Amino acid sequence: EIRRLFTKADKNKDGKLTPEEWRQVMNASGVPTSQEEVEEFFDSMDRDFDGRLTFEEFMGEESTIEKLFKNMDENGDGVVTKQEFMTICKNLTDEQVKMAFSKFDTSGDDKLDYREFCEMIRKKEEERNE
């Protein structure tokens with residue numbers, strides 16, 4: 001039932017809900033919802049910081065990107081080092097990893113925290129879809 005509602009709300013069928021798609025569904029269902037309420041809901045549920053909700057995020061479940069991050073973060077300290085990154089991404093060269101870290105490590109600590117990691121994954125997806 002929830003999956004059906006989610007799919008119905010996902011107008012462009014990309015597997016993610018935008019705030020506008022969610023607001024339209026809520027209002028069409030007879031639940032008057034303001035843009036502010038929608039934004040608060042999205043802020044609390046959007047676990048990969050891309051401004052949209054996957055079904056897993058919508059259900060409050062761990063997203064694929066969270067699982068990947070936790071898998072890479074071998075020692076569980078909440079950040080991914082270049083060494084941890086290369087353990088999983090064996091197909092990347094040292095140079096490619098250095099470039100990725102220099103571009104997305106905005107805190108300058110030579111590690112990727114979860115938000116930086118999400119930003120990197122999102123940019124990669126955008127490049128792939130261009």
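## Aromatic pairs

In this predicted model, the count of aromatic pairs comes to 10. A good one to look at joins Phe 69 and Tyr 114: the ring centres are 5.3 Å apart and the planes meet at 75°, so this pair is edge-to-face. The cut-off behind that label is a plane angle over 60 degrees. Phe 69 belongs to helix H5 (residues 64-72) and Tyr 114 to helix H8 (residues 114-129), so the pair ties together parts that are 45 residues apart in sequence. Both Phe 69 and Tyr 114 are buried.

Elsewhere, one aromatic cluster is formed by Phe 6, Trp 22, Phe 41, Phe 42, Phe 55 and Phe 58. Two of its members, Trp 22 and Phe 42, turn up again below.

## Charges over rings

Two arginines are worth finding on your screen. Arg 3 places its charged end over the ring of Phe 55, 3.8 Å from the ring centre, and Phe 55 is part of the aromatic cluster. Arg 115 does likewise with Phe 49, its charged end sitting over the ring at 3.9 Å from the centre.

## Helix H2 and its buried face

Helix H2 covers residues 19-28, and its buried residues include Glu 21, Trp 22, Val 25 and Met 26. Looking down the helix axis, the buried residues of H2 fall within an arc of 130°, so they line one face of the helix. Their packing partners are helix H1 (2-9), strand S1 (16-17), helix H3 (35-45) and helix H4 (55-58).

Just past the end of H2 comes Gly 30, which takes a positive phi of about 85°.

## The loop from H2 to H3

Thr 33 lies in the loop between H2 and H3. Is Thr 33 buried or exposed? With a relative accessibility of 14%, Thr 33 counts as buried, since the cut-off for buried is under 20%. The Thr 33 side chain reaches the backbone oxygen of Val 31 at 2.8 Å.

Setting aside neighbours within four places in sequence, Thr 33 is in contact with Arg 23, Met 26, Asn 27 and Val 38. Of these, Met 26 is a buried residue of H2, and Val 38 is a buried residue of H3.

## Helix H3, inside and out

In H3, the residues Val 38, Phe 42 and Met 45 are buried. Seen along the H3 axis, the buried residues fall within an arc of 75°, so here too one face of the helix is lined by them. The cover over these residues includes S1, H2, strand S2 (53-54) and H4.

Turn the helix around and you meet exposed residues: Glu 36, Asp 43 and Ser 44 sit on the face turned away from the buried side of H3.

## A lysine on H8

Lys 124 is found in helix H8. Its relative accessibility is 48%, so Lys 124 counts as partly exposed. The side chain of Lys 124 also makes a polar contact, at 3.2 Å, with the side chain of Glu 127.

## Cysteines without a bond

How many disulfides does the structure hold? The number is 0. Cys 89 is in no disulfide, and the nearest cysteine sulfur to its own, in Cys 118, is 14 Å away. Why is there no bond for Cys 118? Its sulfur lies 14 Å from the closest cysteine sulfur, that of Cys 89, and this is too far for a bond.

Cys 89 is buried, with a relative accessible area of 17%. Cys 118 is also buried, at 1% relative accessibility.

Definitions and conventions: Residues are numbered from 1 along each chain as its sequence is written. This is a predicted model: local features need pLDDT of at least 70, side-chain atom pairs count only at pLDDT 80 or more; totals for chains, interfaces and linings use all residues. Side-chain values use heavy atoms; hydrogens and water are left out. Rings of Phe, Tyr and Trp (its six-membered ring) pair if their centres lie within 6.5 Å; planes under 30 degrees apart count as stacked, over 60 as edge-to-face and the rest as tilted. Helices (H or I, at least four residues) and strands (E, at least two) are DSSP runs, numbered from the N terminus. Buried means under 20% relative accessible area, exposed over 50%, partly exposed in between (1.4 Å probe, protein chains only). A charge sits over a ring if NZ of Lys or CZ of Arg is within 6 Å of the ring centre and within 35 degrees of the ring normal. The arc is that of the directions from the helix axis to the C-beta atoms. Contact means heavy atoms within 4.5 Å. A polar contact is a pair of N or O atoms within 3.5 Å; within protein, one must be able to donate a hydrogen and the other to accept it, and residues adjacent in sequence count only if both atoms are side-chain atoms. A disulfide is a pair of cysteine sulfur atoms within 2.5 Å.
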